[in-house]
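Please report on this protein chain. Take selected residues, the sulfur link, the nonpolar core and the model confidence in turn.

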Amino acid sequence: MPSDTGETRDDSADGHAALRVRARRISWWSAIWYVLAAAMWALLYFLLAADYGPEVTTDRGSESLCQAPLLNPWPDNHICQTDHLHQWPTLLGILALAVIPSVAAAATTVYAKLLHHLAHRTLRTPA
């Protein structure tokens with residue numbers, strides 16, 4: 001039975017199937033974006049929270065010369081200052097880059113849910 005738009009039931013069923021396939025594909029892309037975002041956030045956390053630099057022997061045993069940037073934001077030791085990966089400009093750059101896949105993951109999730117909703121919407125026949 002044709003609808004007001006000229007589509008038959010078979011055409012609309014094919015359209016719904018295509019939307020479901022597209023929603024599933026976008027969901028996979030969303031998962032990939034989430035994994036990338038999680039990896040970048042984990043890298044940022046590691047760089048902020050882990051001690052770094054050469055190992056030195058102290059009374060307590062062997063430990064790293066430089067403390068984590070969260071514990072000592074502005075180190076006095078020259079060796080700690082020359083490690084650019086643990087300095088604030090680099091860390092803020094990684095933070096900015098981590099936001100990009102996070103936003104992309106959220107956007108693709110919303111888009112996939114919208115396509116999923118449209119695919120499962122029932123077609124109403126006019127009375």
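H117 lies in helix α3, which spans residues 88-119. Helices here are DSSP runs of H or I with at least four residues, strands are E runs of at least two, and both are numbered from the N terminus. The model is predicted: local features need pLDDT of at least 70, side-chain atom pairs count only at pLDDT 80 or more, and totals for chains, interfaces and linings use all residues. Residues are numbered from 1 along each chain as its sequence is written, and side-chain values use heavy atoms, with hydrogens and water left out.

H117 is exposed, at a relative accessible area of 52%. Buried means under 20% relative accessible area, exposed means over 50%, and partly exposed falls in between, with a 1.4 Å probe and protein chains only. H117 and L19 are 98 residues apart in sequence, yet their C-alpha atoms are 9.3 Å apart in space.

**S62 and strand β2**

Strand β2 covers residues 61-66 and includes S62. S62 counts as exposed because its relative accessibility is 53%. Beyond its neighbours within four places in sequence, S62 is in contact (heavy atoms within 4.5 Å) with E55, V56 and T57. With E55, S62 also shares a side-chain polar contact of 3.0 Å. A polar contact is a pair of N or O atoms within 3.5 Å; within protein, one must be able to donate a hydrogen and the other to accept it, and residues adjacent in sequence count only if both atoms are side-chain atoms.

**The disulfide**

How many disulfides does the structure hold? It holds one. The term means a pair of cysteine sulfur atoms within 2.5 Å. The partners are C66 and C80, with sulfur atoms 1.8 Å apart. The pair links distant parts of the chain: C66 sits in strand β2 and C80 in helix α2 (residues 78-82), 14 residues apart. The torsion about the S-S bond of C66 and C80 is about -95 degrees, so the disulfide is left-handed. Is C66 buried or exposed? C66 is buried, because its relative accessibility is 1%. C80 is buried too, at 2%.

**Q87 beside the disulfide partner**

Q87 is found in the loop between α2 and α3. Q87 is buried, with a relative accessible area of 17%. Its side chain has a polar atom 2.9 Å from the backbone oxygen of C80. The Q87 side chain also reaches the backbone oxygen of D83, at 3.3 Å. Leaving aside neighbours within four places in sequence, Q87 contacts Y52, C80 and Q81.

The polar contacts are set out below.

| Residue | Partner | Distance |
|---|---|---|
| S62 side chain | E55 side chain | 3.0 Å |
| Q87 side chain | C80 backbone oxygen | 2.9 Å |
| Q87 side chain | D83 backbone oxygen | 3.3 Å |

**The nonpolar core**

Which residues make up the largest nonpolar core? They are L44, L47, L48, L91 and I94, five in all. Such a core is a set of buried Ala, Val, Leu, Ile, Met, Phe, Trp, Tyr and Cys residues joined through side-chain atoms within 4.5 Å. Helices α1 (9-49) and α3 each supply at least two residues of this core. Helix α1 gives the most, with three. I94 touches M40, L44 and L47, not counting residues up to four places away in sequence.

**Confidence**

The mean pLDDT (the predictor's confidence in each residue, from 0 to 100) of the protein chain is 84, and 85% of its residues reach 70 or more. Over residues 122-126 the pLDDT is below 50, and this stretch has five contacts in the model beyond near neighbours in sequence.
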